[in-house]
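I opened my notebook to look up how the parts of this model meet. My entries follow the picture.

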There are 2 protein chains.
Amino acid sequence: MSPRKSDATRRRLLDAATADFAAHGIAGARVDRIAAAAGVNKAQLYAYFGDKLGLFGAVFRLHADAVVDSVPFTADDLPGYAVRLYDAAVARPELVRLATWAKLEGVATDNLATESSAGAAKLRAIAEAQRAGQVDASIEPRDVLALLIAMALAWSPSGLAAATTPGDAATDHDRRKRALSTAVSGAFRAGAGNPPQG
Amino acid sequence: MSPRKSDATRRRLLDAATADFAAHGIAGARVDRIAAAAGVNKAQLYAYFGDKLGLFGAVFRLHADAVVDSVPFTADDLPGYAVRLYDAAVARPELVRLATWAKLEGVATDNLATESSAGAAKLRAIAEAQRAGQVDASIEPRDVLALLIAMALAWSPSGLAAATTPGDAATDHDRRKRALSTAVSGAFRAGAGNPPQG
DNA sequence: TGCGTAAAACCAACTAGTTAGTTAGAAACG
DNA sequence: CGTTTCTAACTAACTAGTTGGTTTTACGCA
């Protein structure tokens, strides 16, 4: 089909909504504020997206797709994946915030990690890497993935212990990525087993 | 001072507010709903806590104190600490939700992990364990702590990859705790250095 | 090229309900 | 009898969502 004239309007709404939802969450976002920021009438917003939650869903899908596509999973190089995920989270902090808010506010979005088709593929790849002796087989694939993602996002906006800010020096990012790589490498090293307490 | 007569009222407000803030966040919480759930008039709530944010602050401080006190930090047994933190998060999911929401909504609460006096003590303990050769010294203490907490809370309500529900079977918790212990143990093992990519 | 028309895009103003926060006074208490 | 604790009722502002009508666009046709 020919590119619709109003696609630009739709796009501006999505951009404004992304910023507002990321900044304030679903309950905290304001429909009027989004429409004003987009320079679009509120009625248009409702015509396109139905209601506030429909708008959030559209925003969420947009970014979720962009991120799963941009970070290829490599079960035979878990540290590398973690670092790429760290970079992606730094580059697009809105997605992390969006996902965290969606989770806290209990809106149904197919879980961007496990439980999606992409997630299932990751789990299978991990299982295979375990059989190949590249990843500690004493940890179930789903737990490997959960820990891996948690580690990569440790400094993200949803991380409770620390927070990356866009203005962080490059040396901070380098230091964290080295730490992340080292820790991931050790955490899932094959043969580690369950050493301390038998 | 003598125990104030109205401490019970205050307490009921705090309890109701904890539930509501944990469930809906700051923007999503409703003052009327909290007052009704506590069986207390709204004006009382304002007399005690000033405004909505003041109430949130009181709730947050209450739980933050309770949790940092309940999980003793052991730099020479990082896996043990992680498992205890996991248990605490399972037992009191509200605190994790509260902290996550506070962070997302940008309210100033002295960071419950780093940057508090308790956090500084943890960092010092980690540094000492590194000197003693018990913890990988190639990762800075603040990064050790950030990763550690992220791992322990990987399945918590703020974890993007997976979610613990109160109804989870005990075997799930056991499995996760074994995985957590193994991963933490490997992640910070002294001498691991930066093996794969030199 | 110019015209007519139907659909799509747009907008200001409005509604009905909800929200945080206030007030003036009644009840309980020591 | 004065102080503290409590309450019902109120307000002013804000909220998501709607309405009815105007402007712009797409396109067949002469």
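How many salt bridges does the rule find across the interface of chain B and chain A? I looked, and the rule finds four. A salt bridge here is a side-chain nitrogen of Lys or Arg within 4 Å of a carboxyl oxygen of Asp or Glu. I noted B:Glu140 with A:Arg175, whose closest N and O atoms are 3.9 Å apart.

**Ground rules.** I wrote down that this is a predicted model, where local features need pLDDT of at least 70 and side-chain atom pairs count only at pLDDT 80 or more, while totals for chains, interfaces and linings use all residues. Residues are numbered from 1 along each chain as its sequence is written, chains are lettered from A and ligands numbered from 1 in the order in which they are written, and side-chain values use heavy atoms, with hydrogens and water left out.

**Entry: the two copies.** I looked up how chain B fits on chain A. A rotation of 180 degrees with 0.0 Å of shift along its axis superposes them, with RMSD 0.1 Å (least squares on the C-alpha atoms of residues with pLDDT of at least 70 in both). The two copies are thus related as by a two-fold rotation axis. The same surface serves both: 100% of the contact residues of chain B recur in chain A.

**Entry: the interface.** I found 56 residues of chain B in contact with 56 residues of chain A (contact means heavy atoms within 4.5 Å). The buried area between the chains is about 4,200 Å², and carbon and sulfur atoms give 63% of it. Buried area is the accessible area (1.4 Å probe) that two parts lose on being put together, summed over both.

**Entry: the DNA.** Which residues are closest to DNA strand D? I listed A:Arg30, A:Lys42, A:Tyr46, B:Gln44 and B:Tyr48, out of 16 residues that surround the strand (near means a heavy atom within 4 Å). Sugar and phosphate account for 57% of the atoms of strand D that come within 4 Å of the protein.

Then I checked single atoms. In the side chain of A:Lys42, an N or O atom is 2.4 Å from a base oxygen of DNA strand D. A polar side-chain atom of B:Tyr48 lies 2.9 Å from a phosphate oxygen of the strand. For A:Ala29, a polar backbone atom is 3.3 Å from a phosphate oxygen of DNA strand D.

Key:
A polar contact is a pair of N or O atoms within 3.5 Å; within protein, one must be able to donate a hydrogen and the other to accept it, and residues adjacent in sequence count only if both atoms are side-chain atoms.
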